[in-house]
Amino acid sequence: MDISTRKRWFRMVILFGAMYFVLGIAFAEFASWSGSNLVREIWNRLGFVASAAAFALHIGYEHFRLRNSPLITASHVSIAVALGAFALALSANVHGYRVGSSNQRLLAFALIAWPAITAVPAFLVALIAAAGLTLRRRKKKDE
């Protein structure tokens with residue numbers, strides 16, 4: 001892997017990690033402005049859909065643009081997801097300190113737990129999706 005390719009995937013990991021963070025904060029804020037539980041739930045689901053779209057875009061970029069293997073694609077995508085989760089946990093910690101939360105130990109644990117509980121499933125889903133895309137490309141090539 002040349003330096004240019006290494007820089008591109010790393011930049012995309014940072015970009016998508018930041019995107020997950022911004023989407024999480026933005027949609028949570030929109031939900032907090034809601035007057036009813038139904039609208040709050042809709043905002044939360046829209047945040048999930050936006051994150052899923054970003055996830056799919058990242059897989060597509062790694063697979064089609066960088067032509068990475070399914071394993072590399074899944075690794076890069078799951079690193080971005082973990083980075084976004086870490087940023088959200090860090091934000092929760094900062095908020096907890098500002099409001100004087102009594103759950104400081106749990107908030108500190110979230111710095112490790114949130115990236116782990118998001119990165120592992122993200123890796124598995126991205127691996128399956130990228131492997132499926134690779135198989136599809138090979139089938140079309142053989143036809």
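User: Which residue just after α2 takes a positive phi, and what is its value?

Analyst: In this predicted model, the residue is Arg 67, which follows just after α2 and has a phi of about 55°.

User: What makes α2 a helix whose span agrees with expectation?

Analyst: The expected span is 1.5 Å times one less than the number of residues. With its 29 residues, α2 is expected to span 42 Å. From its first C-alpha to its last, α2 reaches 41 Å, which is close to that value.

User: Which residues of α2 are called buried, and why?

Analyst: A residue is called buried because its relative accessible area is under 20%. In α2 the residues that meet this cut-off are Gly 47, Ala 54, Phe 55, His 58, Ile 59, Gly 60, Tyr 61, Glu 62 and His 63. For the protein chain as a whole, buried residues make up 31% of the 143 residues.

User: How many helices and strands does the protein chain have, and what pattern do they follow?

Analyst: The protein chain has 4 helices and 0 strands. Its pattern along the sequence is therefore written α-α-α-α.

User: Why is the open space lined by Tyr 20 and Phe 48 called a pocket?

Analyst: The name applies because a pocket is an open set of grid points with protein on both sides within 12 Å along at least five of seven lines, whereas a cavity is a set from which the probe cannot get out. The largest pocket has a volume of about 570 Å³. Its lining holds 21 residues, and Tyr 20, Phe 48, Ser 51, Val 81 and Thr 118 lie nearest its centre. Two or more lining residues come from each of α1 (3-32), α2 (37-65), α3 (70-99) and α4 (104-142).

User: What is the make-up of the lining of the largest pocket by class?

Analyst: This lining has 15 nonpolar residues, 6 polar residues and no charged residues. Tyr 20, Phe 48 and Val 81 are in the lining, and they count as nonpolar because Tyr, Phe and Val belong to that class.

User: Which residues line the second largest pocket, and what makes one of them charged?

Analyst: Ile 25, Leu 88, Ser 91, Ala 92, Val 94, His 95 and Arg 98 form the lining, and the pocket has a volume of about 160 Å³. By class there are 4 nonpolar, 2 polar and 1 charged residues. Arg 98 is the charged one, because Arg counts as charged, whereas Ser and His fall among the polar residues. The largest share of this lining, 6 residues, comes from α3.

Technical notes. Residues are numbered from 1 along each chain as its sequence is written. This is a predicted model: local features need pLDDT of at least 70, side-chain atom pairs count only at pLDDT 80 or more; totals for chains, interfaces and linings use all residues. Side-chain values use heavy atoms; hydrogens and water are left out. On a 1 Å grid over the protein atoms alone, a cavity is a set of points where a 1.4 Å probe fits but cannot get out, and a pocket is an open set with protein on both sides within 12 Å along at least five of seven lines; lining residues have an atom within 4 Å of a point. Grid points are joined across faces, edges and corners, and a volume is the space filled by probe spheres set on the points. Buried means under 20% relative accessible area, exposed over 50%, partly exposed in between (1.4 Å probe, protein chains only).
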